[in-house]
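User: I'm new to reading protein models and I'd like to go through one with you. Can we take it step by step?

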Amino acid sequence: MASVPRMEIRRIRDDEVDAVARWIATQQADPARHIGSESMDAGAIATDLRQLEPGGLDDVLVAVDGDDVVGLLALEHDTVPPRVWWRGPYVADGADVDAVADALLAVGRARLPGHVTQEEFGADARHAWLPAFAERHGFVAEEASAVLVRDLGGDADVLRGAAAPPAGVELARVSDATAPAVVALHDAIFPGTHSSGTRIAAPGQDHAVLVASRAGEVVGYVAVERQEDATGYVDYLGVAVGERGTGIGRALVAAGCVWLHDEAGCPSVNLTVRESNRGARRLYESLGFDEERLLRPYRRGFSLAHLDTPPPADPG
Ligand SMILES: CC(C)(COP(=O)(O)OP(=O)(O)OC[C@H]1O[C@@H](n2cnc3c(N)ncnc32)[C@H](O)[C@@H]1OP(=O)(O)O)[C@@H](O)C(=O)NCCC(=O)NCCS
């Protein structure tokens, strides 16, 4: 086993970022090393690292052995929820995986502000060594989510047709008038998830929230965004319990895809959906989405297992 006697853990240097991002991109292409939060594209990875919140490159740690970067772990953390999302760890081929990853995590944890009590990272379900690393450090593996993808070139008219809402329902961009009801609906459907409703409904250039209303009442919403690598992402989709099963969700997803294609210029769209959420998966598959991979979340200090059971079908 390779030893790493001279290994040092330190902040990444600005002049290292682009080469390290290219190295991460090669790891991302391998399911046995793929980390969930990261792009597959080197340029987007470099930009993401520079824009990490709140610390930017101050929160990107590298393990260095001599002149070689042999590992990376970045941290993105927040106050509400008091959580860190680990980006990585990545360990170079030939390096001692356990020694490098453990050392990165120890230094990363020491950097966390005291209020951060929750930790999460996610990886391809086929990752070679992350399950053992996670268990060693007190993380619990929770239900996996499928990453679904759909090409947006070519058949935008199909989506335009599918975006027609059922009779009596209107779709529109979120407005000051509808935002409070969208926030309430989001927080009721997705309690404890990474974006609170207030953040979902905030205006932004690269994202849109489309709202379905019936007789002036908000009955559903979809939140979509253009990511750093130009691909589209469906962040959240929710329909009020009493309105499910009537085609609102399908129209919202299709309309979100049309926005990503027409307004944001995205060539493709992706999303994640919990493995057990069969209804939502069927909806996405019926709109042409295909499964790319399963991502397994690892959590410590909190759990989202209360969301594991798919929401009950419309009782009506
Ligand atoms: C998932 C959700 C948005 C679906 O919204 P909806 O308005 O009920 O969906 P639609 O009526 O447009 O259904 C469209 C298709 O999806 C499938 N589908 C939707 N819900 C289903 C369910 N509970 N069981 C089986 N299939 C279902 C069906 O194939 C349906 O096609 P059909 O009308 O030909 O049968 C809604 O159930 C919801 O808000 N769930 C809670 C939040 C959630 O899970 N969001 C998705 C997270 S990724």
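Analyst: Sure! One thing to settle before we start: strands here are DSSP runs of E, at least two residues long, numbered from the N terminus. Also keep in mind that this is a predicted model.

User: Okay, which element holds P89, the residue joined to G88 by a cis peptide bond?

Analyst: Most peptide bonds are trans, so a cis one is worth a look. The bond from G88 to P89 has omega near 0 degrees. As for its place, P89 sits in strand β4.

User: And where is P81, which has a cis bond to V80?

Analyst: Here omega is about -5 degrees for the bond joining V80 and P81. P81 belongs to a stretch that links two strands, namely the loop between β3 (68-77) and β4 (83-91).

User: Is A215 buried or exposed?

Analyst: Start with its backbone: A215 has a positive phi of about 50 degrees, though it isn't a glycine. You'll find A215 in the loop between β9 (207-214) and β10 (217-226). The cut-off for exposed is 12 or fewer other C-beta atoms within 10 Å. A215 has 8 of them, so it counts as exposed.

User: How many C-beta neighbours does A230 have inside 10 Å?

Analyst: A230 isn't a glycine either, yet its phi is positive, at about 80 degrees. It lies in the loop between β10 and β11 (232-239). A230 counts as partly exposed because its number of C-beta neighbours inside 10 Å is 15.

User: Which element gives the most to the shell around the ligand?

Analyst: There are 21 residues around the ligand, and R244, G249, R250, G279 and L283 come nearest. Two or more residues of that shell come from each of β11, α8 (248-262) and α9 (278-286). The shell divides into nine nonpolar, eight polar and four charged residues. With six residues, the one that gives the most is α9.

User: Now the largest nonpolar core: which element gives the most to it?

Analyst: That core has 46 residues, and V182, V209, L210, Y221, V222 and L252 touch the most other members. Elements supplying at least two residues each include β7 (145-151), α6 (179-189) and β12 (268-274). The top giver, with ten residues, is α8.

User: What does Y221 contact, leaving aside neighbours within four places in sequence?

Analyst: In soluble globular proteins, nonpolar side chains tend to be buried together. Y221 is among the core members that touch the most others. Its contacts are V182, L185, H186, V209, L210, V211, A212, G238 and L252.

Note on methods: Residues numbered from 1 in each chain as written. Predicted model: local features only at pLDDT ≥ 70, side-chain atom pairs only at ≥ 80, totals over all residues. Helix = DSSP H or I, 4+ residues; strand = E, 2+ residues; numbered from the N terminus. Buried ≥ 20, exposed ≤ 12 C-beta atoms within 10 Å, placed from the backbone. Near = placed C-beta within 6 Å. Nonpolar A, V, L, I, M, F, W, Y, C, P; charged D, E, K, R; others polar. Core = buried A, V, L, I, M, F, W, Y, C linked by C-beta atoms within 7 Å. Contact = placed C-beta atoms within 7 Å.
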